[in-house]
Amino acid sequence: MFNVERSGEETRKLSHNNDRCVGCGICTDVCPTSSLRLGPIVPIARGLIEMDLVSVTSNTCVLCGLCSVACPFDALSLTINGNDIKETGNYPVWEVESEINDDDCIYCGRCYSVCPRDTILFKRELPSREDLVIGEISVDEDKCVYCSICSEMCPAGAISLTNNPEFSNDNLNNTIEVDTSKCIYCGVCKRACPQDAIKAVCSTCMLQDQIKAPEINGTASILKDGCVNCSWCKEVCPVDTINVTKPFEGTLKLVETDESTCKGDACHACQDVCPCDAVEIIDNKATINLDYCNLCGACVNACPQNIREVTRNSMKLNNINSESWRDILTSNLLS
């Protein structure tokens with residue numbers, strides 16, 4: 001993380017948040033003074049070195065804020081007298097979105113499990129099992145010989161047994177317990193017991209039509225900080241309750257030549273740096289799934305063969321009031 005600050009008639013401060021940065025190089029592309037540099041993103045992504053993905057030459061930076069508004073991932077912030085320029089309404093703003101409609105969410109947790117940036121908050125509240133599974137079970141310890149057959153056979157792991165072999169004829173040194181919070185009253189233990197020491201009755205089987213449907217509650221939301229709008233959550237959602245608007249529309253393709261070809265498993269640099277987890281090695285070729293790609297271009301910067309090509313046809317950056325900024329942004333971000 002770096003900070004560049006200057007004070008005069010107004011105080012300007014440019015900050016970089018490396019946790020949000022994806023190494024796409026968009027900020028370096030648009031910087032009018034070439035003050036920003038992209039670091040060695042592949043070794044950084046692989047954990048070989050510890051440093052920021054982007055660095056700045058502070059004495060040439062003019063603190064214009066163009067890099068800040070151009071970053072789709074909010075990794076750069078320019079403040080004027082303590083106010084973020086993106087909050088003033090006078091500067092360009094990315095109209096991107098990743099949002100979960102909590103009213104329709106079934107709290108399955110699929111979005112939470114696939115998010116490549118760990119930006120989904122998920123909590124599920126299930127009803128008590130005892131309210132749904134009803135029955136009775138008992139063990140006659142006068143008949144029990146503590147053979148542990150019931151414990152080993154129990155499909156729910158509800159029976160615990162201790163057997164002291166040095167005092168095998170002394171039942172005081174042996175114990176058997178049934179955890180009714182786990183027991184499903186299936187009767188396997190009863191049928192397996194060689195001494196007929198276990199009695200079990202499953203009321204659930206007889207009363208299942210009277211048991212109310214389990215009420216499942218929870219919360220699911222997407223943190224704006226760190227989300228890269230990859231749409232993994234949207235694609236896996238079984239009830240289509242997640243909306244994602246990506247920063248760009250376009251394509252990304254592999255352009256191989258006789259001299260330069262994808263090295264696949266031997267390289268996988270693009271796979272290591274991709275913030276969207278959109279790269280898969282198939283038949284020793286790095287294949288990018290555009291359903292999950294946000295067209296950030298990190299893979300293009302990482303490819304040692306220079307055979308990745310990103311084409312951005314449009315972007316969701318609005319409120320560009322300056323013509324000079326519009327020229328810089330469109331010429332560098334769009335193809």
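**View 1. Four strands line up in an open sheet.** In this predicted model, strands β1, β2, β5 and β6 make an open sheet in the order β1-β2-β5-β6, and their pairing is antiparallel. The edges belong to β1 and β6 (83-84), each of which pairs on one side only. As you trace the strands, keep a general point in mind: side chains in a regular strand alternate between the two faces of the sheet.

**View 2. A hairpin joins β1 and β2.** Here we look at strand β1 (residues 3-7) beside strand β2 (residues 11-16), an antiparallel pair held over five bridges. Three residues sit between β1 and β2, which together form a hairpin. To find your place, start at asparagine 3 and look across to serine 15, its bridge partner in β2.

**View 3. β5 meets the edge strand β6.** Strand β5 (residues 76-80) runs antiparallel to β6, and two bridges join them. A handy landmark is isoleucine 80, which stands opposite asparagine 83 in β6.

**View 4. Arginine 46 reaches aspartate 272 in a salt bridge.** The side chains of arginine 46 and aspartate 272 meet with an N to O distance of 2.5 Å. This pair links distant parts of the chain, 226 residues apart: arginine 46 is in the loop between α2 (41-45) and β4 (54-56), while aspartate 272 is in helix α9 (residues 269-273). Arginine 46 is partly exposed, with a relative accessible area of 38%. Aspartate 272 is partly exposed too, with a value of 27%.

**View 5. Glutamate 256 and lysine 285 form another salt bridge.** Their side chains meet at 2.7 Å, N to O. Glutamate 256 lies in the loop between β16 (248-254) and α9, and lysine 285 in strand β18 (residues 285-288), so the salt bridge ties together parts that are 29 residues apart in sequence. Glutamate 256 counts as partly exposed at 33% relative accessibility, and lysine 285 is partly exposed at 29%. Elsewhere in the model, Arg20, Asp74, Lys86 and Asp225 are joined into one network by salt bridges that share partners.

**View 6. Aspartate 196 pairs with lysine 199.** This salt bridge brings the two side chains to 3.6 Å, N to O. Aspartate 196 has a relative accessible area of 39% and is partly exposed. Lysine 199, at 42%, also counts as partly exposed. In total, the structure holds nine salt bridges. As a general reminder, side chains of opposite charge can pair when their charged atoms come close.

**View 7. Leu48, Ile49 and Met51 make a nonpolar surface patch.** Together these residues offer about 290 Å² of accessible area. Leucine 48 is found in the loop between α2 and β4. Because residues over 50% relative accessible area count as exposed, leucine 48, at 64%, is exposed.

**View 8. The largest pocket opens beside β7 and β8 residues.** How big is the volume of the largest pocket? It is about 430 Å³. Its lining consists of 18 residues, and the closest to its centre are Pro72, Asp74, Trp94, Val96 and Lys224. Strands β7 (93-94) and β8 (97-100) each supply at least two residues of that lining. You may recognise Asp74 from the salt-bridge network it shares with Arg20, Lys86 and Asp225.

Definitions and conventions
Residues numbered from 1 in each chain as written. Predicted model: local features only at pLDDT ≥ 70, side-chain atom pairs only at ≥ 80, totals over all residues. Heavy atoms only, no water. Salt bridge = Lys/Arg side-chain N within 4 Å of Asp/Glu carboxyl O. Buried < 20%, exposed > 50% of the residue type's maximum accessible area, 1.4 Å probe, protein only. Patch = residues over 30% accessible without salt bridge, like charges linked within 9 Å, V, L, I, M, F, W, Y side chains within 5 Å. Areas by Shrake-Rupley, 256 points an atom, 1.4 Å probe, with all protein chains shown as cover. Pairing = 2+ DSSP bridges. 1 Å grid on protein atoms, 1.4 Å probe; cavity = no way out; pocket = protein on both sides within 12 Å on 5 of 7 lines; lining within 4 Å. Points joined across faces, edges and corners; volume = space filled by probe spheres on them.
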